[in-house]
Amino acid sequence: MEKALRAYMEVLRLVRRLPKDTRPYYAKYARENFVNYRDVDAADSTALEDLFSRTYRHSLWVLDKYSVDKSAADRLKDICCS
């Protein structure tokens, strides 16, 4: 649970790097996704690894879409891919 909260907070930090008019959409999108997956079994390491991997990959896609330097996601990578 702690890792998921750290990932969520880092995603919200990345949202602040996006253009101002897109921030509310992506903040809401991130919240909805984290809420939707909160019931994933914490003992299912495969499912958790998959979710964290998708979190990181999708964040990179969004950063690339808005031409934000992908190195901004290094902290998220450390959280999700460790």
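Let me begin with tyrosine 26, which counts as buried at 10% relative accessibility. The cut-off here is that a buried residue has under 20% relative accessible area. Tyrosine 25 is exposed, by contrast, and its relative accessible area is 51%. I should say at once that the model before you is predicted.

These two tyrosines also form a ring pair. A pair of aromatic rings is described by two quantities, the distance of the centres and the angle of the planes. The structure holds four aromatic pairs. In the pair made by tyrosine 25 and tyrosine 26, the ring centres lie 4.9 Å apart and the planes stand at 85°, so the pair is edge-to-face. Planes over 60 degrees apart are given that description. Ring pairs join Tyr25 and Tyr26 with Tyr29 and Tyr66 in a cluster.

Let me now turn to the chain as a whole. It has four helices and zero strands. Read from the N terminus, the order of elements is therefore simply α-α-α-α.

What radius of gyration does the chain have, and what would a compact globule of 82 residues have? The globule would have a value near 12 Å, and the chain has 12 Å, which agrees. Along the principal axes, the C-alpha atoms fill a box of roughly 35 × 25 × 15 Å. Of the 82 residues in the chain, 29% are buried. The chain exposes about 5800 Å², and 50% of that area is supplied by carbon and sulfur atoms. Among contacts with a separation of 6 or more, 59% are between residues 24 or more positions apart.

I move next to helix α1, residues 2-15. At 1.5 Å a residue, its 14 residues should span 20 Å, and its end C-alpha atoms are indeed 20 Å apart. Which residues of α1 are buried? They are Ala7, Tyr8, Glu10, Val11, Leu14 and Val15. Seen down the axis of α1, these buried residues fall within an arc of 165°, so they line one face of the helix. They pack against three elements, namely α2 (23-36), α3 (45-65) and α4 (74-80).

Helix α3 can be treated in the same manner. With 21 residues at 1.5 Å each, α3 should span 30 Å; the C-alpha atoms at its ends are 30 Å apart, in agreement. Its buried residues are Leu51, Phe52, Thr55, Tyr56, Ser59, Leu60, Val62 and Leu63. The cover over these residues includes α1, α2 and α4. After α3 comes serine 67, whose phi is positive, near 55°.

I would like to close with one residue of that helix, serine 59. Its place is in α3. Is serine 59 buried or exposed? It is buried, because its relative accessible area is 11%. Which residues does serine 59 contact, once its neighbours within four places in sequence are left aside? They are Val11, Leu14 and Leu76. Two of these partners, Val11 and Leu14, are listed among the buried residues of α1. As for leucine 76, it lies 17 residues from serine 59 along the chain, and the C-alpha atoms of the two are separated by 8.7 Å.

Conventions. Residues are numbered from 1 along each chain as its sequence is written. This is a predicted model: local features need pLDDT of at least 70, side-chain atom pairs count only at pLDDT 80 or more; totals for chains, interfaces and linings use all residues. Side-chain values use heavy atoms; hydrogens and water are left out. Helices (H or I, at least four residues) and strands (E, at least two) are DSSP runs, numbered from the N terminus. The expected span of a helix is 1.5 Å times one less than its number of residues. Buried means under 20% relative accessible area, exposed over 50%, partly exposed in between (1.4 Å probe, protein chains only). The arc is that of the directions from the helix axis to the C-beta atoms. Contact means heavy atoms within 4.5 Å. The radius of gyration is taken over C-alpha atoms; the globule rule is 2.2 Å times the number of residues to the power 0.38. Accessible areas come from the Shrake-Rupley method with a 1.4 Å probe; for residues, only the protein chains shown count as cover. Rings of Phe, Tyr and Trp (its six-membered ring) pair if their centres lie within 6.5 Å; planes under 30 degrees apart count as stacked, over 60 as edge-to-face and the rest as tilted.
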